[in-house]
Amino acid sequence: MDADTKNAANAASGADATDAYGIPIIPDPSDSAQRKRQAIIDAAVAEFLAEGYSAASMDTITSRSGVSKATIYKHFGNKERLFLAVIAGILPKTYAHLESCNADLARAADLRAALIGLTGDFATVLLRPDIMSLRRLVIGEIDRFPQLGRLWYQVTYDMNNGPLTEAITELDGLGRLNVPDPELAAQQLIASTVGILQLVRTFSPDSEIDRAELGRVVASGVDLFLARYAVPPTS
């Protein structure tokens, strides 16, 4: 057994706990080790996004982080646990600042404008190159690491689809929408606005989607949604 394998085995032997999704539970480091931990994470994210899981080099991560390979193994156990921990750790951050976007949707005076603003902001965030690279990485590794797919789905629901479903339910209660299935309606709204643009950029990374095109697609998707669910105003 070579030194790297022995280090990995020793580190993993007492630290193989995972959460409900199968993501490794990595204990928080001491204050003195926090800087090293962050350097490892930053280097690992850059390497995994650039090379994917299989081609990613632990030697490169070691070099980029400025931390010894033994220290990396001490913190994370092995390459697989490092990959799962760092990618799972950044998934929620892709949605974090969108959590409150749905809060006032039900009270918007101009519902169409509010929906266009919401889904347009969402599309702008998710079409960012760094997030699209992360999306392609998870899709490419989902057969090997299905837990990442499950986690991404749950994060999406908790931070976006769930609040949107609640807002649509409230709009239905107020008589502004007629929505038999709010959860399905939220999925349809996202699919017809953000989903179209996201699909293009996922499989055609070099395609250009300017603000005008983004606005056209989003407005058309919102109009489709309202054509199905909006309650016509009474005269």
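1. A helix here is a DSSP run of H or I that spans at least four residues, and helices are numbered from the N terminus. With that in hand, Ser 192 can be placed in helix α9. Please keep in mind as you read on that this is a predicted model.

2. A word on the overall fold to start with. The chain has ten helices and zero strands, and from the N terminus on its elements read α-α-α-α-α-α-α-α-α-α. There are 235 residues, of which 45% count as buried. If you take the contacts with a separation of 6 or more, 73% of them are between residues 24 or more positions apart. The exposed surface comes to about 12,200 Å², with 53% of it supplied by carbon and sulfur atoms.

3. You may want to look at the largest pocket early on. It holds about 440 Å³ of space. Its lining has 19 residues, and Tyr 95, Arg 135, Trp 152, Thr 156 and Gln 198 are the closest to the centre. Four elements give two or more residues each to this lining: α6 (111-126), α7 (129-141), α8 (146-173) and α9 (182-203). As for chemical character, the lining divides into twelve nonpolar residues, six polar ones and one charged.

4. Next comes the second largest pocket, with a volume of about 200 Å³. Here 13 residues form the lining, and those nearest the centre are Ile 41, Ala 85, Val 86, Gly 89 and Ile 90. Helices α2 (34-55) and α5 (79-90) are the elements that give two or more residues to it, and α5 provides the largest share, four residues. By class, eight of the lining residues are nonpolar, two are polar and three are charged.

5. Helix α4 is worth a short stop. It covers residues 69-76 and is mostly covered, with six of its eight residues buried. Which residues of α4 are the buried ones? They are Lys 69, Thr 71, Ile 72, Tyr 73, His 75 and Phe 76. Just after the helix comes Gly 77, and the phi of this glycine is positive, near 100°.

6. Phe 83 sits in helix α5, the helix that also gives four residues to the lining of the second largest pocket. Is Phe 83 buried or exposed? Its relative accessible area is 0%, and buried means under 20%, so Phe 83 is buried. Setting aside neighbours within four places in sequence, Phe 83 is in contact with Phe 48, Tyr 53, Leu 137, Glu 141, Phe 145 and Leu 148. There is also a link in space to Ala 44: the two residues are 39 apart in sequence, and their C-alpha atoms are 7.4 Å apart.

7. Back to Ser 192 in α9. Its relative accessibility is 15%, and it counts as buried because the limit is under 20%. Its side chain reaches the backbone oxygen of Leu 189 at 3.3 Å. Beyond residues up to four places away in sequence, Ser 192 touches Val 217, Gly 221 and Leu 224. For a reader tracing the helix, it may help to recall that an α-helix has 3.6 residues a turn, so residues three or four places apart point the same way.

8. Gly 195 is also found in helix α9. How does its accessibility class come out? At 23%, Gly 195 counts as partly exposed, because that class lies between the limits of 20% and 50%. Gly 195 and Val 218 are 23 residues apart in sequence, with a C-alpha to C-alpha distance of 9.7 Å.

9. Thr 202 lies in helix α9 as well. With a relative accessible area of 7%, Thr 202 is buried. What joins the side chains of Thr 202 and Arg 135? A polar contact of 3.0 Å does. Leaving out neighbours within four places in sequence, the contacts of Thr 202 are Met 132, Arg 135, Arg 136 and Ile 139. Arg 135 ties this point back to the largest pocket, where it is one of the residues closest to the centre. If you have time for one detail in a viewer, the Thr 202 and Arg 135 pair would be a nice place to begin.

Notes:
Residues numbered from 1 in each chain as written. Predicted model: local features only at pLDDT ≥ 70, side-chain atom pairs only at ≥ 80, totals over all residues. Heavy atoms only, no water. 1 Å grid on protein atoms, 1.4 Å probe; cavity = no way out; pocket = protein on both sides within 12 Å on 5 of 7 lines; lining within 4 Å. Points joined across faces, edges and corners; volume = space filled by probe spheres on them. Nonpolar A, V, L, I, M, F, W, Y, C, P; charged D, E, K, R; others polar. Buried < 20%, exposed > 50% of the residue type's maximum accessible area, 1.4 Å probe, protein only. Contact = heavy atoms within 4.5 Å. Areas by Shrake-Rupley, 256 points an atom, 1.4 Å probe, with all protein chains shown as cover. Polar contact = N/O pair within 3.5 Å; in protein donor to acceptor, adjacent residues only side chain to side chain.
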